[in-house]
Amino acid sequence: MSNNSPRAVFGSSLTAMLVTAGCSVGLGNIWRFPYLVGEGGGAAFIIIYLLAVIFIGHPIMLAEFAVGRSTHKNAVGAYSVKDKRWGLLGYNGVFIAFVIMGFYFVVAGWTIEYMVNSADGAFTGFTSADEYTGFFSNYVSGVWTPLIYTWIFILISHSVIALGVQKGIERATKVLMPALFIILIVLAITSIRMPNSEVGLKYLFVPDFSKVTSRTIINAVGQVFFSLSVGMGCLTTYASYFSDKTDIRKTATQLTIVDTIVALLASVIILPAVFSVGIEPTSGPSLVFITLPGIFNTLPFPELVSTIFFMLLFIAALTSTISLHEVVTAYLIEERKMTRVKAVSMVSAATVVMATLASLSLGVLSEFKIFGYVIFDLFDALTSNLLLPMGGVMICVYASWILGDRFMHAQLSNESRHSDTIVAINIFLLRYVSPVAVFILFLDGIGVFKMFR
Ligand code: TRP
């Protein structure tokens, strides 16, 4: 690879694509998207989501890639190149990474619990919606089991990063991502064939805009940031390992499409089954966990299918937590001159504290609220609906106004391989459409915390 920088560089475009897919495809697509679709009224939410992907998420992704690939630095370093003050954007990212990890690891811990219980056949005797729901709420509100699984997940993710086995992850991702994809398709077909599934399909594909509120729009836009992993320099950090030959437009487009398809597939699995099993579509964060075992029970070898599924979900979550961990670790190593082991340990220790609080907030600490939210929900809403979009606007402004048209043009056209018109459209969206759209959403909210209630 032609690159003068001493830092690691991803071998090929395929690797660049797969590793960024590992970062973006995760619990956001399979756990968060379907329950937001359920809460947001179905098809109308999906349409708003797709518009936000095209007009907001994808352009910001291009900006992150351009900044990362051109500087070959961690998030703080990359945004400080022109003016130290813009480094603030990187610090914002480091902060956001912690807050996301705070609740993400808790849900990741749930995937282990469900994997273990599936293998054990715990769900096979269940028949009614109440049993699935009861199991879930009993489990998450407990103290030790969810905590232990959360800590185990943190430890696994810690070990992977500390050992620097990215190569292993790279190789594993090449097999596991396609496996996840295949199992999702099988499940989607199963779910569609369950009795009463038409109600769910109608919910997914026939929009009812009368239910759309500003809340729905804010959730949809927040989910775009969360699912694509944009707005905090995560993709900037990953793109800093791209070779100068990597075509960032192509990578961004493929990544956006893959991420969106996985999210859509997940909701085609969940919502028909929700109506079939008789679960409330508005069940929130529990939705996927209470619905899936119901689908598995209609299949041959439910324990096996269920275990494999939760294992893949576990891996999808792991490749995402690694990316979050890496944002902070890369910063500590490069800007604070720490050793890898020390940096990773500090991040993990802080994460244990955050995740413990978030996990307990679903049980013993549920009375403790900040701005009306329990800690888990606060971490979630604060990042997706406020901090990531804010970071995203700043990234747009930085890339398109501060670094400027000429810079973006050079980055996006990849030695003029892309036509000027497409690049001009990309830049136009980045300059005017994305930041203005997000800004209008903010105005809509006035009173920052009331906004994302
Ligand atoms: N996008 C991931 C998911 O969908 C989560 C994630 C990883 C993320 N890195 C991020 C979200 C950076 C925001 C920013 O599960």
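This passage describes selected helices, buried positions, a surface patch and salt bridges of the structure.

The model is predicted, and local features were accepted at pLDDT of at least 70, side-chain atom pairs at pLDDT 80 or more, while totals for chains, interfaces and linings use all residues. Residues are numbered from 1 along each chain as its sequence is written, and side-chain values use heavy atoms, with hydrogens and water left out.

Helices (DSSP runs of H or I, at least four residues, numbered from the N terminus) provide the frame for the description. Helix H2 (residues 27–39) has 13 residues and reaches 17 Å between its first and last C-alpha atoms, close to the expected 18 Å. The expected span of a helix is 1.5 Å times one less than its number of residues. A kink of about 30 degrees was found at phenylalanine 33, shortly before proline 34; the bend is the angle between axes fitted to the seven residues ending at a position and the seven starting there. Twelve of the 13 residues of H2 are buried (under 20% relative accessible area, with exposed meaning over 50% and partly exposed in between; 1.4 Å probe, protein chains only). Among them are Trp31, Arg32, Phe33 and Pro34.

Just after H2, glycine 41 adopts a positive phi of about 90 degrees. Glycine 40 lies in the loop between H2 and helix H3 (43–71) and is counted as buried because its relative accessibility is 13%. Beyond residues up to four places away in sequence, glycine 40 touches Phe45 and Thr216 (contact: heavy atoms within 4.5 Å). The C-alpha atoms of glycine 40 and proline 146 are 28 Å apart, with the two positions 106 residues apart in sequence numbering. Proline 146 is one of the buried residues of H7, which also include Phe153, Ile154 and His158. The 20 residues of H7 (residues 144–163) should span 28 Å, and the end C-alpha atoms are 28 Å apart, in agreement.

Threonine 111, in helix H5 (residues 87–119), has 0% relative accessibility and therefore counts as buried. Excluding neighbours within four places in sequence, the contacts of threonine 111 are Leu27, Phe153, Phe289, Phe310, Leu313 and Phe314. Leucine 313 is 202 residues from threonine 111 in sequence, yet the C-alpha distance is 6.8 Å. Serine 348 in helix H15 (residues 340–360) is likewise buried, at 6% relative accessibility. The residues touched by serine 348, with the same sequence exclusion of up to four places, are Ile154, His158 and His325.

On the surface, Phe181, Ile182, Ile185, Val186, Ile189, Ile257 and Ile261 make a nonpolar patch of about 580 Å². Helix H8 (166–192) and helix H12 (248–277) each supply at least two of the patch residues, and H8 gives the most, with five. Isoleucine 182, found in H8, is exposed at 54% relative accessibility.

Five salt bridges were found in the whole structure (a side-chain nitrogen of Lys or Arg within 4 Å of a carboxyl oxygen of Asp or Glu). Arginine 340 pairs with glutamate 326 at 3.0 Å between the closest N and O atoms. Arginine 340 lies in H15 and glutamate 326 in helix H14 (residues 302–335), so the pair ties together parts 14 residues apart in sequence. Glutamate 326 is buried at 3% relative accessibility, whereas arginine 340 is partly exposed at 27%. Another salt bridge joins arginine 85 and aspartate 83 (3.0 Å, N to O).

Methods: Patches are made of residues with over 30% relative accessible area and no salt bridge: like charges are joined within 9 Å, nonpolar side chains (Val, Leu, Ile, Met, Phe, Trp, Tyr) within 5 Å. Accessible areas come from the Shrake-Rupley method with a 1.4 Å probe; for residues, only the protein chains shown count as cover.
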